[in-house]
Each structure stands twice: as structure tokens, then as C-alpha cells.
Amino acid sequence: MKQLNGLFICLALVALANPVLAADSAGSITITSPVNDAVLQSATGNKLEFNVHLSPNGNHVHVYIDDQKPIVFRDVSRCPCSIALPELSSGKHTIVVKEATSSHALTGVQGSVTATVK
């Protein structure tokens, strides 16, 4: 019985020391540029840079700028990823990157930032 208790303690310590295992299966999207609440000096020439770790159901991402039609970005296996943003009008914009399945259903994994164009 002592050996079983020791095994359970070891397994618990491994689980606590490596919480990344649970996060890996969940998937994640991190936008690295522009940073949240950034002020962009120009309406053109801006890039969106992000990292993606797909969840088990994830296949690609959709990039939404405000409520416009999404930009479908499939090559997430070589992230960090970068895409040119379309011309943005002056004012505040919300940029959201959402994970999607192969049938384009959204999984709930997403990252978002707001940016203001001067």
C-alpha cells in the first residue's frame, strides 16, 4: 500500500509541475503585434503577428477586423504567423483571431486586441 501511495504522490507532483499538458490540448492564440490598445500611425502597411497552437479540433484560423468578413489563414503550422492588414480607417478597431475546424466551425479558442488608427 505504501508503494501505491508513493506512486500517487509522484503522479500528482508531475501533474502539478507540468501544467502545460492541459493547456496544450486546449489550444491557444496569442496576438503579438499590434499589442492591445496600440496606436497605429498609418491606415496602411500594418501587419498582424500572432502565434497559434491548435486544439485537437483546430485546423486553421479566421481573422476578423471589426465585423468584416473573415480572412481565412490556413498555414498556422509555421507560426509565428504574419499577415498584412487591409487598409484601416481612422479610429478604433477590434482584431480577433479565432480557431476553426476544417468545416469552418469556430472552436472557441481565440485571441483579440484593439488598436486605434490616427
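Let me start with one residue. Thr 114 counts as buried, at 18% relative accessibility. The cut-off for buried is under 20%, so Thr 114 falls on the buried side. Where does Thr 114 lie? In strand E8. What does Thr 114 touch, leaving out residues up to four places away in sequence? One run of contacts is Val 35, Asn 36, Asp 37 and Ala 38. Another is Lys 92, His 93 and Thr 94.

A word on the source. This is a predicted model. Please keep that in mind throughout.

Now the whole chain. There are 118 residues, and 31% of them count as buried. The chain has two helices and eight strands. Along the sequence the pattern reads α-α-β-β-β-β-β-β-β-β. So much for the order; next, the contacts. Take contacts with a separation of 6 or more: 62% of them join residues 24 or more positions apart. The accessible surface is about 7,500 Å². Carbon and sulfur atoms own 56% of that surface.

On to the sheets. I'll take the five-stranded one, since Thr 114 sits in one of its strands, E8. This sheet is open, and its order is E2-E8-E7-E4-E5. The pairing is mixed. Which strands stand at the edges? Strand E2, residues 38-40, and strand E5, residues 71-73. Each has a single partner strand, so one side of each has no neighbour in the sheet. Neighbouring strands here are turned by 30° against each other on average, direction ignored.

Look inside that sheet. E4 and E7 pair in the antiparallel sense, over six bridges. One pair to find on screen: Val 61, whose bridge partner in E7 is Glu 99.

The other sheet has three strands. It is also open, with the order E1-E3-E6 and antiparallel pairing. Strand E1 (28-33) and strand E6 (81-84) are the edge strands, and each pairs on one side only. The twist averages 30° from one strand to the next. E1 runs antiparallel to strand E3, residues 47-53, and five bridges join them. Ile 31 has Phe 50 as its bridge partner in E3.

Phe 50 brings us to the core. The largest nonpolar core has 21 residues. Those with the most contacts inside it are Leu 48, Phe 50, Val 61, Phe 73, Ile 95 and Val 97. Which strands supply at least two residues each? E1, E3, E4 (60-65), E6, E7 (91-100) and E8 (106-117). E8 gives the largest share, four residues. As background, nonpolar side chains tend to be buried together in soluble globular proteins.

Take Leu 48 as an example. I leave aside its neighbours within four places in sequence. Leu 48 is then in contact with Ile 31, Ser 33 and Pro 34, among others. Its contacts also include Val 63, Cys 81, Ser 82, Ile 83 and Leu 85. Ile 95 and Val 97 complete the list.

Last, charges. Side chains of opposite charge can pair when their charged atoms come close. How many salt bridges does the count give? One. The side chains of Arg 78 and Asp 75 meet in it, at 3.7 Å from N to O. Is Arg 78 buried or exposed? Exposed, because its relative accessible area is 64%, and the cut-off is over 50%. Asp 75 has 37%, so it counts as partly exposed.

That's the tour.

Methods
Residues numbered from 1 in each chain as written. Predicted model: local features only at pLDDT ≥ 70, side-chain atom pairs only at ≥ 80, totals over all residues. Heavy atoms only, no water. Pairing = 2+ DSSP bridges. Axes fitted to C-alpha atoms, helices over the stretch in contact; angles between N-to-C directions. Salt bridge = Lys/Arg side-chain N within 4 Å of Asp/Glu carboxyl O. Buried < 20%, exposed > 50% of the residue type's maximum accessible area, 1.4 Å probe, protein only. Core = buried A, V, L, I, M, F, W, Y, C linked by side-chain atoms within 4.5 Å. Contact = heavy atoms within 4.5 Å. Areas by Shrake-Rupley, 256 points an atom, 1.4 Å probe, with all protein chains shown as cover.
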